[in-house]
Amino acid sequence: MNTLSQSKSLPPEAEWRVPTRLSGRIFAAKAAGLRLKRRAADLAGPVARLKPADPADYPVLLAESRTSLWSDTRDSEARHQFGKVENLRQAALRFDRVAIPADRTFSFWKQLGKPSRRRGFVAGRMLKEGCLVASTGGGLCQLSNALFDIALKSGAEIVERHAHSRRVPGSAAQFGRDATVAWNYVDFRFKAPQDLMLRASLTDKQLVLRLFGKVSRRRVERIERPETAALLPAAHDCGSCGQTGCHRHEGEAPRAIGRTAFLLDEAWPEFRAYVRERKSRADLMAIPLDGKRWNRPRYAWETEGFAAVAAATPATLWHAFRARAETAQNRRVAAQLLRSKAVAEKLARALTPDVTELCVAQSLLPFLWRMGVLGGRRVTVLMTR
């Protein structure tokens with residue numbers, strides 16, 4: 001009796017804190033066991049990481065998937081869209097131009113690797129134990145869903161596929177055409193019916209996946225049964241349940257609306273006026289160096305009124321010195337290109353997932369494009385030539 005009376009006197013938050021910790025440990029132990037099981041299975045039947053190929057060798061478009069990056073949701077999950085898109089941006093870089101030889105197996109996790117923060121992945125919306133939560137690598141199921149779709153259309157053999165355990169509004173899971181993934185014990189795998197090449201990219205609004213081959217193939221259709229998915233229980237919204245101490249919870253995204261980043265180079269008068277008119281206090285500025293501080297009118301941007309200002313001062317000064325040291329015109333141009341690449345790589349580090357628009361100097365544009373940071377963002381270019 002005493003024990004019962006004491007438990008009733010606990011504060012409300014203590015009633016779920018202890019079982020939550022225990023369930024978290026149980027979940028982690030189960031996941032660890034399943035990962036060990038997966039590693040043992042891969043040792044018995046290894047699946048290789050596939051290499052990129054030349055798109056010119058794969059002329060025939062076999063299948064295409066276009067899915068929206070952004071939803072119109074206004075609920076607590078809206079802010080997690082930025083993390084989801086950032087994770088898709090990182091994954092697309094690792095999937096684009098991957099060649100899948102005939103009768104070889106493509107593995108989602110073997111190709112992508114672990115979606116860790118060290119590798120650039122962030123917190124995005126993920127379905128975990130029936131709840132939609134912010135978790136590192138969240139949102140990658142949109143990519144696995146799209147892969148499932150184009151694999152079916154191209155006539156590939158589905159080797160491994162797992163459906164979601166809950167209905168997720170707005171996703172392929174709502175219609176029974178989904179393939180969930182969880183590092184690395186829940187995988188999506190398919191076997192190529194012919195030599196294939198995967199292309200993956202992000203526009204400002206869509207995730208675009210395409211499968212190319214070397215010969216044509218009759219389109220493969222699959223009869224779907226969305227009523228099966230409709231019978232699943234709906235996913236809980238962990239962002240609105242109020243239990244932020246839950247073991248599934250990794251924290252909230254810092255912002256709920258997007259912002260603009262200005263990645264700039266030379267401070268031409270018309271460019272200064274353009275930035276001045278369009279900036280807001282939430283926006284970011286990234287410049288080669290602070291021209292006013294270093295007495296370089298060429299880079300004398302107005303840095304006031306931004307949420308943050310980043311600079312690539314060491315890279316800018318070093319490559320400027322190298323360019324002046326070159327006497328031949330062709331070597332000087334090459335040095336200038338190296339300088340633009342180094343500055344672009346440095347300034348790109350200032351981009352946060354909530355940056356939805358970029359204003360970019362033309363000199364930096366090709367290097368930022370190659371890095372994949374333009375995907376999923378609206379881009380304005382300050383043209384100089």
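This report describes the helices, nonpolar cores and some single residues of a predicted protein model.

**Overall make-up**

The protein contains 10 helices and 15 strands. Of its 385 residues, 43% are buried. Among contacts with a separation of 6 or more, 72% join residues that lie 24 or more positions apart.

**The nonpolar cores**

In soluble globular proteins, nonpolar side chains tend to be buried together. In this model the largest nonpolar core has 38 residues. The residues with the most contacts inside this core are Phe95, Ile100, Phe106, Phe108, Leu143, Leu147 and Phe188. Two or more residues of the core come from each of these elements: β1 (60-68), α3 (80-95), β2 (98-100), α4 (108-112), α5 (141-153), β8 (196-202) and β9 (206-213). The element that gives the most is α5, with eight residues.

Phenylalanine 95 shows how parts of the chain meet here. Apart from residues up to four places away in sequence, Phe95 touches Phe106, Phe108, Gln111, Leu112, Leu143, Leu147, Leu198 and Ala200. A second core, separate from the largest one, has 19 residues, and Ala286, Leu347, Val355 and Leu368 are among them.

**Helices α3 and α5**

Helix α3 has 16 residues, and 14 of them are buried, so the helix is mostly covered by the definition of burial as under 20% relative accessible area. From its first C-alpha to its last, α3 reaches 23 Å, close to the 22 Å expected at 1.5 Å a residue.

Helix α5 is largely enclosed by the rest of the structure, because 13 of its 13 residues are buried. The end C-alpha atoms of α5 are 18 Å apart, which agrees with the 18 Å that its 13 residues should span at 1.5 Å a residue. After α5 comes glycine 155, with a positive phi near 85°.

Two packed helices are described by the angle between their axes and the distance between the axes. For α3 and α5, the angle is about 50° and the axes are 9 Å apart. This angle makes α3 oblique to α5. On the α3 side the contact is made by Lys84, Leu88, Ala91 and Phe95, and on the α5 side by Gln142, Leu143 and Leu147. These contact residues divide into five nonpolar, one polar and one charged. Phe95 of α3, Leu143 and Leu147 take part in this contact, and they are also listed among the residues with the most contacts inside the largest core.

**Helices α8 and α9**

A further helix pair is formed by α8 (residues 313-325) and α9 (residues 329-348), whose axes come within 8 Å and cross at roughly 175°. This crossing angle makes α8 roughly antiparallel to α9. The contact involves Ala315, Thr316, His319, Arg322, Ala323 and Arg324 of α8, together with Arg332, Ala335, Gln336, Leu338, Arg339, Ala342 and Val343 of α9. By type, the residues of this contact are six nonpolar, three polar and four charged.

**Single residues in loops**

Most residues other than glycine have a negative phi, and most peptide bonds are trans. Arginine 97, which follows α3, has a positive phi near 70°. Asparagine 295 is not a glycine either, and its phi is positive at about 55°. The table gives the loop and the relative accessible area of these two residues and of threonine 180.

| Residue | Loop between | Relative accessible area | State |
|---|---|---|---|
| Arginine 97 | α3 and β2 | 33% | partly exposed |
| Asparagine 295 | β12 (284-287) and β13 (308-311) | 65% | exposed |
| Threonine 180 | β6 (157-160) and β7 (189-191) | 15% | buried |

Which residues surround threonine 180 in the model? Leaving aside neighbours within four places in sequence, threonine 180 is in contact with Cys141, Ser144, Asn145, His162, Ala163, His164, Val186 and Asp187. Threonine 180 counts as buried because its relative accessible area is 15% and the cut-off for buried is under 20%. Between threonine 180 and leucine 127 the C-alpha to C-alpha distance is 9.1 Å, although the two are 53 residues apart in sequence.

Definitions and conventions
Residues numbered from 1 in each chain as written. Predicted model: local features only at pLDDT ≥ 70, side-chain atom pairs only at ≥ 80, totals over all residues. Heavy atoms only, no water. Core = buried A, V, L, I, M, F, W, Y, C linked by side-chain atoms within 4.5 Å. Buried < 20%, exposed > 50% of the residue type's maximum accessible area, 1.4 Å probe, protein only. Helix = DSSP H or I, 4+ residues; strand = E, 2+ residues; numbered from the N terminus. Contact = heavy atoms within 4.5 Å. Expected span 1.5 Å × (residues − 1). Axes fitted to C-alpha atoms, helices over the stretch in contact; angles between N-to-C directions. Parallel < 35°, antiparallel > 145°, perpendicular 65-115°, else oblique. Nonpolar A, V, L, I, M, F, W, Y, C, P; charged D, E, K, R; others polar.
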